[in-house]
Amino acid sequence: MRNDERVAYLNGQFVPEGEAKISIHDLGFVYGDAVYDTARTFAGKLFKLKEHIERLYRTLRYVAIDPGHAPEEMTRLTEELVERNLPFLRDGHDFWVTQRISRGLAHYEGDARPYEGATVVIECVPLPLASRAHYFRDGIPVVTPSVRRVAPEALSPRAKTTNYLNMTLGDLEAKAQNPKNWAVLLDHRGNLCEGIGANVFLVQDGKVRTPTEEHVLPGVSRATVIEICRAEGIPLEECDLALHDAYVADECFLTSTSLCLCPVTSFNGRRMAGGVFGPVTRKIADAYSKLVGLDFVQQYLDHAPE
Ligand code: PLP
(Lines give C-alpha, C1' and ligand atoms only; values in the text may rest on other atoms or scores of the structure.)
Protein backbone atom coordinates (compact mmCIF):
# COMPACT_ATOMS: atom_id res chain seq x y z
CA MET A 1 0.00 0.00 0.00
CA ARG A 2 1.24 3.56 -0.75
CA ASN A 3 2.08 5.50 2.37
CA ASP A 4 2.11 9.06 0.98
CA GLU A 5 -1.64 9.42 0.62
CA ARG A 6 -4.59 9.53 3.03
CA VAL A 7 -6.47 6.26 3.33
CA ALA A 8 -10.21 5.68 3.11
CA TYR A 9 -12.28 2.70 4.21
CA LEU A 10 -14.28 1.12 1.38
CA ASN A 11 -16.38 -2.02 1.82
CA GLY A 12 -14.20 -3.88 4.27
CA GLN A 13 -10.75 -2.49 3.39
CA PHE A 14 -8.55 0.51 4.08
CA VAL A 15 -7.18 1.69 0.74
CA PRO A 16 -5.32 4.81 -0.50
CA GLU A 17 -7.93 7.44 -1.43
CA GLY A 18 -6.90 7.32 -5.07
CA GLU A 19 -7.74 3.63 -5.19
CA ALA A 20 -11.11 3.96 -3.42
CA LYS A 21 -13.32 3.59 -6.52
CA ILE A 22 -17.10 3.17 -6.65
CA SER A 23 -19.20 1.69 -9.45
CA ILE A 24 -21.07 3.95 -11.90
CA HIS A 25 -24.10 1.82 -10.94
CA ASP A 26 -23.93 2.78 -7.29
CA LEU A 27 -27.40 3.93 -6.19
CA GLY A 28 -25.85 6.82 -4.28
CA PHE A 29 -24.76 8.20 -7.65
CA VAL A 30 -27.72 6.94 -9.71
CA TYR A 31 -30.54 8.20 -7.42
CA GLY A 32 -28.85 10.06 -4.56
CA ASP A 33 -29.96 7.02 -2.56
CA ALA A 34 -27.44 7.40 0.22
CA VAL A 35 -26.88 8.87 3.67
CA TYR A 36 -23.92 10.25 5.55
CA ASP A 37 -22.74 11.77 8.79
CA THR A 38 -19.78 14.03 9.45
CA ALA A 39 -17.89 14.59 12.68
CA ARG A 40 -14.71 16.64 13.15
CA THR A 41 -11.54 16.43 15.16
CA PHE A 42 -10.15 18.99 17.57
CA ALA A 43 -6.33 18.71 17.73
CA GLY A 44 -6.69 15.34 16.00
CA LYS A 45 -9.28 13.92 18.43
CA LEU A 46 -12.82 13.07 17.35
CA PHE A 47 -15.59 15.08 19.06
CA LYS A 48 -19.00 13.56 19.93
CA LEU A 49 -18.50 10.58 17.61
CA LYS A 50 -21.15 8.67 19.62
CA GLU A 51 -23.79 11.33 18.84
CA HIS A 52 -22.84 11.36 15.14
CA ILE A 53 -22.99 7.55 14.91
CA GLU A 54 -26.36 7.51 16.68
CA ARG A 55 -27.74 10.06 14.20
CA LEU A 56 -26.26 8.05 11.30
CA TYR A 57 -28.06 4.90 12.46
CA ARG A 58 -31.35 6.78 12.95
CA THR A 59 -31.03 8.03 9.35
CA LEU A 60 -30.17 4.52 8.10
CA ARG A 61 -33.28 3.12 9.79
CA TYR A 62 -35.42 5.91 8.34
CA VAL A 63 -34.30 5.16 4.77
CA ALA A 64 -34.18 1.38 5.41
CA ILE A 65 -30.54 0.81 4.47
CA ASP A 66 -28.64 -1.91 6.31
CA PRO A 67 -24.96 -0.89 6.39
CA GLY A 68 -23.91 -4.43 7.35
CA HIS A 69 -21.95 -3.09 10.34
CA ALA A 70 -23.15 -2.63 13.91
CA PRO A 71 -22.76 0.92 15.31
CA GLU A 72 -19.88 -0.26 17.53
CA GLU A 73 -18.02 -1.56 14.47
CA MET A 74 -18.68 1.69 12.56
CA THR A 75 -17.32 3.60 15.56
CA ARG A 76 -14.21 1.43 15.73
CA LEU A 77 -13.57 1.73 11.97
CA THR A 78 -14.01 5.52 12.13
CA GLU A 79 -11.50 5.77 14.98
CA GLU A 80 -9.06 3.55 13.09
CA LEU A 81 -9.49 5.69 9.96
CA VAL A 82 -8.51 8.82 11.90
CA GLU A 83 -5.61 7.03 13.55
CA ARG A 84 -4.27 5.87 10.16
CA ASN A 85 -4.56 9.39 8.72
CA LEU A 86 -3.06 11.37 11.60
CA PRO A 87 0.38 11.44 9.90
CA PHE A 88 -1.26 13.50 7.10
CA LEU A 89 -2.73 16.10 9.47
CA ARG A 90 -0.69 19.30 9.20
CA ASP A 91 0.14 21.27 12.39
CA GLY A 92 -2.79 23.32 13.64
CA HIS A 93 -5.22 21.63 11.22
CA ASP A 94 -8.10 19.23 11.83
CA PHE A 95 -10.17 16.70 9.90
CA TRP A 96 -13.76 16.42 8.73
CA VAL A 97 -14.51 12.70 9.24
CA THR A 98 -17.40 11.19 7.28
CA GLN A 99 -19.23 7.88 6.91
CA ARG A 100 -21.05 7.61 3.56
CA ILE A 101 -23.43 4.72 2.98
CA SER A 102 -25.46 4.07 -0.16
CA ARG A 103 -28.05 1.36 -0.80
CA GLY A 104 -25.45 -0.38 -2.96
CA LEU A 105 -25.47 -1.27 -6.63
CA ALA A 106 -28.42 -1.00 -9.03
CA HIS A 107 -29.51 -4.34 -10.46
CA TYR A 108 -29.56 -4.79 -14.24
CA GLU A 109 -31.01 -8.04 -15.60
CA GLY A 110 -28.36 -10.50 -16.67
CA ASP A 111 -25.53 -8.47 -15.07
CA ALA A 112 -23.72 -9.96 -12.11
CA ARG A 113 -23.14 -7.53 -9.25
CA PRO A 114 -19.62 -7.53 -7.82
CA TYR A 115 -21.13 -7.34 -4.32
CA GLU A 116 -24.51 -7.32 -2.61
CA GLY A 117 -25.70 -4.86 0.01
CA ALA A 118 -24.70 -1.35 0.98
CA THR A 119 -21.63 0.55 -0.18
CA VAL A 120 -19.80 1.77 2.92
CA VAL A 121 -17.17 4.49 2.81
CA ILE A 122 -15.39 6.23 5.69
CA GLU A 123 -13.09 9.08 4.76
CA CYS A 124 -11.51 12.21 6.16
CA VAL A 125 -10.34 15.50 4.63
CA PRO A 126 -8.77 18.64 6.13
CA LEU A 127 -11.24 21.28 7.34
CA PRO A 128 -11.47 24.37 5.08
CA LEU A 129 -9.89 26.65 7.72
CA ALA A 130 -8.25 29.13 5.32
CA SER A 131 -11.21 29.60 2.99
CA ARG A 132 -13.66 30.12 5.89
CA ALA A 133 -11.44 32.23 8.18
CA HIS A 134 -13.04 35.46 6.90
CA TYR A 135 -16.39 34.37 8.34
CA PHE A 136 -14.87 34.54 11.84
CA ARG A 137 -13.27 37.92 11.12
CA ASP A 138 -16.18 39.62 9.30
CA GLY A 139 -19.18 37.43 10.15
CA ILE A 140 -21.42 35.55 7.72
CA PRO A 141 -23.72 37.42 5.33
CA VAL A 142 -26.90 35.30 5.34
CA VAL A 143 -29.42 35.42 2.52
CA THR A 144 -32.79 33.64 2.36
CA PRO A 145 -33.21 32.42 -1.23
CA SER A 146 -36.57 31.93 -2.96
CA VAL A 147 -36.06 28.13 -2.84
CA ARG A 148 -37.91 26.69 0.18
CA ARG A 149 -36.62 23.77 2.26
CA VAL A 150 -38.25 20.43 1.37
CA ALA A 151 -41.30 20.00 3.61
CA PRO A 152 -41.04 17.40 6.40
CA GLU A 153 -44.04 15.64 4.83
CA ALA A 154 -41.90 14.97 1.71
CA LEU A 155 -38.55 14.03 3.27
CA SER A 156 -37.73 14.26 6.95
CA PRO A 157 -35.15 16.98 7.62
CA ARG A 158 -34.14 14.94 10.69
CA ALA A 159 -32.43 12.45 8.39
CA LYS A 160 -28.97 13.36 7.10
CA THR A 161 -29.20 12.15 3.53
CA THR A 162 -26.89 12.81 0.59
CA ASN A 163 -29.77 14.55 -1.19
CA TYR A 164 -28.54 18.15 -1.06
CA LEU A 165 -29.96 19.52 -4.31
CA ASN A 166 -32.65 21.47 -2.48
CA MET A 167 -30.06 23.30 -0.39
CA THR A 168 -27.55 23.50 -3.23
CA LEU A 169 -30.12 25.37 -5.38
CA GLY A 170 -30.75 27.76 -2.48
CA ASP A 171 -27.02 28.27 -2.00
CA LEU A 172 -26.43 28.89 -5.72
CA GLU A 173 -29.08 31.61 -5.65
CA ALA A 174 -27.53 33.25 -2.57
CA LYS A 175 -23.97 33.00 -3.94
CA ALA A 176 -25.03 34.41 -7.34
CA GLN A 177 -25.59 37.72 -5.50
CA ASN A 178 -22.30 37.51 -3.59
CA PRO A 179 -19.99 34.48 -3.38
CA LYS A 180 -19.56 35.09 0.37
CA ASN A 181 -23.30 34.76 1.06
CA TRP A 182 -24.54 31.74 2.99
CA ALA A 183 -28.08 30.56 2.26
CA VAL A 184 -30.51 29.95 5.11
CA LEU A 185 -33.64 28.50 3.58
CA LEU A 186 -37.15 29.26 4.79
CA ASP A 187 -39.37 26.26 5.44
CA HIS A 188 -42.50 25.59 3.38
CA ARG A 189 -44.49 27.84 5.76
CA GLY A 190 -42.10 30.78 5.40
CA ASN A 191 -40.35 30.42 8.76
CA LEU A 192 -36.56 30.33 9.21
CA CYS A 193 -35.32 26.79 8.66
CA GLU A 194 -31.66 25.88 8.07
CA GLY A 195 -28.74 26.46 5.77
CA ILE A 196 -26.54 24.26 3.69
CA GLY A 197 -24.94 22.22 6.47
CA ALA A 198 -25.88 24.60 9.27
CA ASN A 199 -28.52 25.41 11.90
CA VAL A 200 -29.50 29.00 12.66
CA PHE A 201 -29.88 30.79 16.02
CA LEU A 202 -31.17 34.29 16.88
CA VAL A 203 -30.48 36.26 20.06
CA GLN A 204 -32.78 38.99 21.30
CA ASP A 205 -32.83 40.65 24.71
CA GLY A 206 -30.39 38.01 25.96
CA LYS A 207 -32.63 35.09 24.88
CA VAL A 208 -31.43 32.50 22.34
CA ARG A 209 -33.96 31.00 19.90
CA THR A 210 -33.69 28.36 17.17
CA PRO A 211 -36.20 26.51 14.92
CA THR A 212 -37.65 23.25 16.23
CA GLU A 213 -36.35 19.77 15.37
CA GLU A 214 -39.56 19.05 13.50
CA HIS A 215 -38.27 21.24 10.66
CA VAL A 216 -34.46 20.97 10.78
CA LEU A 217 -31.64 18.48 11.12
CA PRO A 218 -30.91 18.01 14.83
CA GLY A 219 -27.34 19.25 14.49
CA VAL A 220 -24.79 17.89 16.93
CA SER A 221 -23.37 21.44 17.22
CA ARG A 222 -26.93 22.77 17.71
CA ALA A 223 -27.32 20.32 20.62
CA THR A 224 -23.93 21.44 21.99
CA VAL A 225 -25.07 25.09 21.95
CA ILE A 226 -28.32 24.12 23.68
CA GLU A 227 -26.33 22.26 26.39
CA ILE A 228 -24.04 25.29 26.83
CA CYS A 229 -27.01 27.67 27.16
CA ARG A 230 -28.54 25.43 29.83
CA ALA A 231 -25.22 25.16 31.71
CA GLU A 232 -24.55 28.91 31.50
CA GLY A 233 -28.09 29.92 32.48
CA ILE A 234 -28.74 31.57 29.08
CA PRO A 235 -32.48 31.43 28.28
CA LEU A 236 -33.13 29.25 25.23
CA GLU A 237 -36.24 28.42 23.24
CA GLU A 238 -36.89 26.10 20.27
CA CYS A 239 -39.75 27.70 18.35
CA ASP A 240 -40.98 28.95 14.97
CA LEU A 241 -39.07 32.05 13.87
CA ALA A 242 -40.25 34.47 11.19
CA LEU A 243 -38.07 36.70 9.01
CA HIS A 244 -39.31 39.53 11.23
CA ASP A 245 -37.51 37.87 14.18
CA ALA A 246 -34.25 37.84 12.21
CA TYR A 247 -34.58 41.49 11.18
CA VAL A 248 -35.13 42.67 14.75
CA ALA A 249 -32.62 40.28 16.41
CA ASP A 250 -29.56 41.66 18.24
CA GLU A 251 -27.33 38.73 17.24
CA CYS A 252 -27.49 35.74 14.95
CA PHE A 253 -25.16 32.78 14.47
CA LEU A 254 -24.94 29.51 12.53
CA THR A 255 -23.83 26.19 13.99
CA SER A 256 -22.25 23.26 12.17
CA THR A 257 -19.66 20.59 12.81
CA SER A 258 -16.97 22.48 10.92
CA LEU A 259 -17.86 26.02 12.08
CA CYS A 260 -18.91 25.06 15.64
CA LEU A 261 -20.64 28.41 15.80
CA CYS A 262 -20.00 31.42 13.63
CA PRO A 263 -21.51 34.90 13.88
CA VAL A 264 -23.88 36.25 11.21
CA THR A 265 -23.39 39.96 10.57
CA SER A 266 -26.09 40.62 8.00
CA PHE A 267 -29.44 39.11 7.14
CA ASN A 268 -30.71 39.76 3.62
CA GLY A 269 -28.38 42.77 3.51
CA ARG A 270 -29.49 44.23 6.86
CA ARG A 271 -26.69 44.58 9.43
CA MET A 272 -27.23 42.77 12.72
CA ALA A 273 -27.33 45.17 15.68
CA GLY A 274 -24.71 43.31 17.77
CA GLY A 275 -21.64 43.62 15.47
CA VAL A 276 -19.54 40.54 14.59
CA PHE A 277 -19.33 38.81 17.98
CA GLY A 278 -22.19 40.12 20.11
CA PRO A 279 -21.94 39.43 23.86
CA VAL A 280 -24.12 36.29 23.91
CA THR A 281 -22.48 34.78 20.79
CA ARG A 282 -19.07 35.46 22.37
CA LYS A 283 -20.06 33.84 25.66
CA ILE A 284 -21.33 30.69 23.93
CA ALA A 285 -18.28 30.54 21.63
CA ASP A 286 -15.92 30.78 24.62
CA ALA A 287 -17.79 27.97 26.42
CA TYR A 288 -17.71 25.90 23.20
CA SER A 289 -13.92 26.34 22.94
CA LYS A 290 -13.54 25.31 26.57
CA LEU A 291 -15.66 22.20 26.00
CA VAL A 292 -13.68 21.03 22.95
CA GLY A 293 -10.33 21.99 24.48
CA LEU A 294 -9.31 24.24 21.58
CA ASP A 295 -9.99 27.89 20.68
CA PHE A 296 -11.76 27.10 17.41
CA VAL A 297 -12.23 30.80 16.53
CA GLN A 298 -8.48 31.41 16.82
CA GLN A 299 -7.81 28.23 14.84
CA TYR A 300 -9.78 29.69 11.92
CA LEU A 301 -8.21 33.15 12.29
CA ASP A 302 -4.70 31.61 12.38
CA HIS A 303 -5.33 30.22 8.90
CA ALA A 304 -6.59 33.44 7.33
CA PRO A 305 -4.69 34.08 4.09
CA GLU A 306 -2.25 37.05 4.35
N1 PLP B 1 -28.52 21.21 8.88
C2 PLP B 1 -28.18 20.48 7.80
C3 PLP B 1 -29.13 20.35 6.66
C4 PLP B 1 -26.93 19.83 7.75
O5 PLP B 1 -26.60 19.09 6.69
C6 PLP B 1 -26.03 19.99 8.84
C7 PLP B 1 -24.71 19.35 8.81
O8 PLP B 1 -24.16 19.03 7.78
C9 PLP B 1 -26.43 20.76 9.93
C10 PLP B 1 -27.70 21.36 9.93
C11 PLP B 1 -25.52 20.94 11.12
O12 PLP B 1 -25.39 19.72 11.81
P13 PLP B 1 -24.07 19.39 12.67
O14 PLP B 1 -23.99 20.44 13.71
O15 PLP B 1 -24.33 18.05 13.24
O16 PLP B 1 -22.94 19.43 11.71
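**Why these labels?**

Student: Why is C239 called buried?
Tutor: C239 has a relative accessible area of 12%, and buried means under 20%, with exposed over 50% and partly exposed in between (1.4 Å probe, protein chains only). The 12% of C239 falls under the cut-off, so buried is the right word.

Student: Before we go on, what are we looking at, and how are residues numbered?
Tutor: This is a predicted model, where local features need pLDDT of at least 70 and side-chain atom pairs count only at pLDDT 80 or more, while totals for chains, interfaces and linings use all residues. Residues are numbered from 1 along each chain as its sequence is written, and side-chain values use heavy atoms, leaving out hydrogens and water.

Student: Back to C239, then. Why is C239 not bonded to the closest cysteine sulfur?
Tutor: A disulfide is a pair of cysteine sulfur atoms within 2.5 Å. The closest cysteine sulfur to that of C239 is in C229, 13 Å away, so the two are too far apart for a bond.

Student: How many disulfides turn up in the whole structure?
Tutor: Zero, when the whole structure is searched. C124 is in no disulfide either, with the nearest cysteine sulfur, that of C260, 17 Å away.

Student: What makes C124 buried or exposed?
Tutor: The relative accessibility of C124 is 0%, so C124 counts as buried.

Student: And C260, what is notable about its phi?
Tutor: Phi of C260 is near 65°, which is a positive value in a residue other than glycine. C260 belongs to strand β14 (residues 260-267); strands here are DSSP runs of E, at least two residues, and helices are runs of H or I, at least four, numbered from the N terminus. C260 is at 0% relative accessibility, so C260 is buried.

Student: Which other residue has a positive phi, and is that residue buried or exposed?
Tutor: A64 is one, with phi near 55° though A64 is not glycine. A64 sits in the loop between α2 (49-63) and α3 (71-85). Its relative accessible area is 60%, so A64 is exposed.

Student: On to the ligand. Which residues come nearest?
Tutor: There are 16 residues around the ligand, and K160, Y164, V220, S221 and T257 come nearest. Being near requires a heavy atom of the residue within 4 Å of the molecule.

Student: What makes K160, E194 and S221 polar partners of the ligand?
Tutor: A polar contact is a pair of N or O atoms within 3.5 Å; within protein, one atom must be able to donate a hydrogen and the other to accept it, and residues adjacent in sequence count only if both atoms are side-chain atoms. K160 has a side-chain N or O atom 2.4 Å from a ligand oxygen, E194 has a polar side-chain atom 2.8 Å from a ligand nitrogen, and S221 has a polar side-chain atom 2.5 Å from a ligand oxygen. The distances for K160, E194 and S221 are each within 3.5 Å, so they pass.

Student: How much of the ligand does the protein cover?
Tutor: The ligand on its own has 390 Å² of accessible area, and the protein covers 94% of that. The areas come from the Shrake-Rupley method with a 1.4 Å probe.

Student: Where does the ligand sit?
Tutor: In the largest pocket. To sit there, more than half of the ligand's atoms must lie within 2 Å of the pocket's grid points. Among the elements, β9 (192-195), β10 (198-204) and α6 (220-232) give two or more residues to the shell around the ligand.

Student: Q204 is in β10, so what makes it buried, partly exposed or exposed?
Tutor: Q204 is at 25% relative accessibility, so Q204 counts as partly exposed.

Student: Which side chain does E123 contact?
Tutor: The side chain of R100, in a polar contact at 2.7 Å. E123 lies in strand β6 (residues 119-126), and at 13% relative accessibility it counts as buried.

Student: How do you know that I101 is buried?
Tutor: I101, in strand β5, has a relative accessible area of 1%, so it is buried.

Methods:
1 Å grid on protein atoms, 1.4 Å probe; cavity = no way out; pocket = protein on both sides within 12 Å on 5 of 7 lines; lining within 4 Å.
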